[in-house]
Amino acid sequence: VVKLLQDGKILGRNISIVREFNYIKKPKEDGYRSYHITFEIKNKHRGIEYKRLFELQVRTKSQHAWSTVVETIGTYMGVNFKGGDGEKDWKSFFKESSYIFSWFEKFESGRKHLTIGDAEEVIRGSIRLKEIMLELKITELLVLLNNMTSDISYKLNETSKNDYAIIFIDYIKKESVVRTYPKAASKTVNNLYIRLEEELNYTDQIQVLFVEITNLTNLRKAFPNFYIDVSEFIIILKRYFNRLNDYASNLS
């Protein structure tokens with residue numbers, strides 16, 4: 001995908017690359033992995049030329065799942081992990097899980113053959129990760145967040161697909177509230193949402209979302225952190241731990 005974007009054939013002639021950051025080859029200190037490309041687009045409006053910048057972040061599934069968990073847990077705890085805040089143990093959890101994910105991506109894609117040395121290193125890393133997860137009760141927290149997601153999905157499935165919904169996610173009370181409105185009330189609902197956003201601007205631990213229910217599935221795939229959807233992270237983590245157990249058994 002990055003090569004296609006760099007080649008420029010899928011972009012318009014008025015779009016050019018300004019800068020690139022390869023956080024996959026050189027991950028951030030917290031374990032963040034992604035490929036960032038900043039573009040500049042030139043256009044004319046009423047004879048006046050203007051420029052705008054936009055950024056694309058290219059990630060694999062597991063990198064996106066990891067990033068979602070960092071944002072979701074950060075919002076739940078009221079800690080800006082992305083900005084470098086947080087206690088040492090939490091930072092270790094994010095860093096170690098990112099490390100394990102990156103190894104297995106290479107193995108599963110066939111880009112790297114697993115040697116005994118590799119396996120031993122990854123197993124040591126997984127042991128450290130499991131110890132941290134036990135200490136911080138990560139599994140219980142992920143289950144709690146996942147249950148909140150399921151609760152939202154259940155409430156939305158009870159409504160008409162043609163409706164609008166305003167979703168409140170309260171990380172403090174550990175609950176979600178879904179209010180639905182008919183399409184005919186779109187203007188009223190939009191004004192209500194804008195007012196609620198302004199009122200809740202003081203905190204990240206209460207989120208309010210305004211969605212068209214027909215587009216909800218696609219929105220959840222694109223922005224899982226807004227729907228506290230940590231299920232993909234749980235699935236990947238379980239799969240990797242199971243495979244590590246298999247490797248460990250073969251080695252012994």
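## Reading strands and cores in a predicted model

Modeller: This is a predicted model. Start with one residue: Asn 245 lies in helix 8, residues 231–251.

Biologist: Is Asn 245 buried or exposed?

Modeller: Neither label fits. Asn 245 is partly exposed, because its relative accessible area is 40%, and that class runs between 20% and 50%.

Biologist: How far is Asn 245 from Ser 126 in sequence and in space?

Modeller: They are 119 residues apart in sequence. In space, C-alpha to C-alpha, the distance is 9.9 Å.

Biologist: Now the strands. How do I read their side chains?

Modeller: In a regular strand, side chains alternate between the two faces of the sheet. Here strand 1 (residues 15–22) runs antiparallel to strand 2 (residues 35–45), joined by 7 bridges. Ser 16 stands opposite Glu 40 in strand 2.

Biologist: What links strand 2 and strand 3?

Modeller: A hairpin, with 2 residues between the strands. Arg 46 in the turn has a positive phi of about 55°. The pairing with strand 3 (residues 48–58) is antiparallel, over 11 bridges. Phe 39 has Phe 54 in strand 3 as its bridge partner.

Biologist: And the nonpolar side chains?

Modeller: In soluble globular proteins they tend to be buried together. The largest nonpolar core here has 45 residues. Those touching the most other members include Ile 73, Trp 90 and Phe 93. Helix 3 (88–108) gives the largest share, 9 residues.

Biologist: Which residues does Phe 93 touch, beyond four places away in sequence?

Modeller: Among them are Val 69, Ile 73, Leu 129, Met 133 and Phe 233. Another core, of 9 residues, lies apart from the largest one and includes Phe 168 and Tyr 193.

Methods:
Residues numbered from 1 in each chain as written. Predicted model: local features only at pLDDT ≥ 70, side-chain atom pairs only at ≥ 80, totals over all residues. Heavy atoms only, no water. Pairing = 2+ DSSP bridges. Helix = DSSP H or I, 4+ residues; strand = E, 2+ residues; numbered from the N terminus. Buried < 20%, exposed > 50% of the residue type's maximum accessible area, 1.4 Å probe, protein only. Core = buried A, V, L, I, M, F, W, Y, C linked by side-chain atoms within 4.5 Å. Contact = heavy atoms within 4.5 Å.
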